[in-house]
Amino acid sequence: MTTVYVHDDDKTQTVHCSDGSQGVMRVDLKDSAPYTFSFYGHQHPSFWVDNDQFHDGEDVVVKDIQSEEDFELKFI
């Protein structure tokens, strides 16, 4: 499982992961998927969460064509 460290606010921001990788969380509260995570270097698949999923300790399972990856959101 990869932990994604994120600030608990509604601003687009750089995120850091437990494995040392980084990415960005884009926020668009008017969208049905307001929190979109993308990672530099494509080390991890991109994913999104809605308002009900955006909280500390949330486990997110991302399935793409070739694999499945588990993420945990950790608020800092």
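This report covers three strands and the connections between them in a predicted model.

## Strand S2 and its two faces

Strand S2 spans residues 13-17, and its side chains alternate in direction. Gln13, Val15 and Cys17 are directed to one face, where they are buried. Thr14 and His16 point to the other face and are not buried.

## Pairing of S1 with S2

Strand S1 covers residues 2-6 and pairs with S2 in the antiparallel sense, over 2 bridges. Within this pairing, Val4 stands opposite Cys17 of S2, and Cys17 is among the buried side chains of that strand. The connection from S1 to S2 is a hairpin through 6 residues.

## Pairing of S2 with S3

Strand S3 is made up of residues 22-27 and runs antiparallel to S2, with 4 bridges joining the two. Here His16 stands opposite Gln22 in S3. His16 is one of the S2 residues whose side chains are not buried.

S2 and S3 also form a hairpin, with 4 residues between them.

## Gly20 in the turn

Gly20 lies in the loop between S2 and S3. In this turn, Gly20 has a positive phi of about 95°. Its relative accessibility is 61%, so Gly20 counts as exposed, the cut-off for that class being over 50%.

How far apart are Gly20 and Thr3 in sequence and in space? The two are separated by 17 residues in sequence, and their C-alpha to C-alpha distance is 10.0 Å. Thr3 falls within the residue range 2-6 of S1.

Conventions. Residues numbered from 1 in each chain as written. Predicted model: local features only at pLDDT ≥ 70, side-chain atom pairs only at ≥ 80, totals over all residues. Heavy atoms only, no water. Buried < 20%, exposed > 50% of the residue type's maximum accessible area, 1.4 Å probe, protein only. Pairing = 2+ DSSP bridges.
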